[in-house]
Amino acid sequence: MELSYLINSIYMISPICRNRLYQLLNKFTRSYSKTDVEFLYQLIENKEPDKKIIEWIISKKATLKEITMDSKKRGEKFSLEWNEVLEGIKHPQFSTYLDIGCNTGSITVPFGQKLGLKSDKIYGIDVTNFGAQKIKPVSGFVYTQYDGYRIPHADSMFDVVTCSMVLHHVEYPQILLPEIRRVMKSDAILLIKEHNCYEPVLEWMIELEHLLYEVTDTDTTYDEFKKRYFQKLFTKKSLDTLMYSNGFTKMKIRSPKINQKYYTYNPTKNFYRVYVKTNI
């Protein structure tokens with residue numbers, strides 16, 4: 001989808017897509033006045049180019065609800081979610097944890113602590129920058145930069161690995177996944193969060209969501225985003241197929257709360273998967 005007409009294309013497809021767009025934009029306009037929100041939707045209805053709409057959003061200094069929360073509360077919120085994913089799943093006694101694509105570690109640390117681990121047993125890796133912003137890790141875990149593919153840790157080192165909203169930005173997952181498998185112990189589990197992109201409009205929605213996150217949360221400009229953004233999305237089925245072909249078996253998520261959490265209010269169709277390392 002050409003970015004210059006991304007927003008309007010979503011808006012014009014159907015009432016269902018329009019509702020998804022409203023849900024998504026609501027995350028980024030919570031601090032707006034009613035007049036501001038009405039003006040934003042008028043820009044869309046007038047079929048103004050995306051760049052004009054995004055630059056107006058930036059000018060209003062939009063803030064996400066999650067971002068306005070302090071990092072401790074935000075970390076607690078999402079680490080609790082990972083903890084819920086584990087509910088009812090048989091797993092080993094955790095002694096070491098790795099978060100792939102950890103960003104600052106604001107979620108990594110509280111989740112590691114919920115696993116009962118000390119800071120020297122909680123690990124996170126990420127690339128140098130998130131968008132236009134250099135990652136500045138918090139304290140409380142072992143942070144290492146990596147190239148996005150080669151994991152700088154020993155074989156069979158981790159009991160549990162998380163990979164949240166990362167794989168769809170990886171151009172060659174067939175390189176990264178064997179690396180993840182390599183650093184996992186024989187009974188380790190892998191927790192993944194991704195988008196279920198089962199129709200083209202969701203691909204556009206997901207791209208728009210990333211655009212809005214970056215222009216409101218980092219120093220990324222609209223034009224910079226257009227030049228460097230990459231995504232290669234999955235459906236639930238295609239992700240399972242990819243994981244199976246790389247030595248992972250899906251485990252059933254038993255938590256009713258997680259299975260229902262994203263059913264209604266979920267414009268970009270986030271979902272969870274838990275995998276175990278297959279013995280081959």
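D155, E179 and R182 are linked in a network of salt bridges. Bear in mind that this is a predicted model. Within that network, D155 pairs with R182, and their closest N and O atoms are 2.7 Å apart. Where do the two residues of this pair sit? D155 is in the loop between strand 5 (142-145) and strand 6 (158-164), while R182 belongs to helix 8 (residues 173-183). They are 27 residues apart, so the pair links distant parts of the chain. R182 is partly exposed, with a relative accessible area of 23%.

A word on the background. Side chains of opposite charge can pair when their charged atoms come close.

Next, helices 6 and 7. K114 forms a salt bridge with E76, and here too the closest N and O atoms are given as 2.7 Å apart. K114 lies in helix 7 (residues 108-114) and E76 in helix 6 (residues 71-86), so parts of the chain 38 residues apart in sequence are tied together. Buried or exposed, or something in between? K114 has a relative accessibility of 31% and counts as partly exposed. E76, at 30%, also counts as partly exposed.

The last pair is D223 and K51, whose side chains meet in a salt bridge at 2.9 Å, N to O. D223 is in helix 10 (residues 222-228) and K51 in helix 4 (residues 50-59), with their positions 172 residues apart in the chain. D223 is partly exposed at 33% relative accessible area, and K51 is partly exposed at 31%.

How many salt bridges are there by this rule? The count comes to 13.

Note on methods. Residues numbered from 1 in each chain as written. Predicted model: local features only at pLDDT ≥ 70, side-chain atom pairs only at ≥ 80, totals over all residues. Heavy atoms only, no water. Salt bridge = Lys/Arg side-chain N within 4 Å of Asp/Glu carboxyl O. Helix = DSSP H or I, 4+ residues; strand = E, 2+ residues; numbered from the N terminus. Buried < 20%, exposed > 50% of the residue type's maximum accessible area, 1.4 Å probe, protein only.
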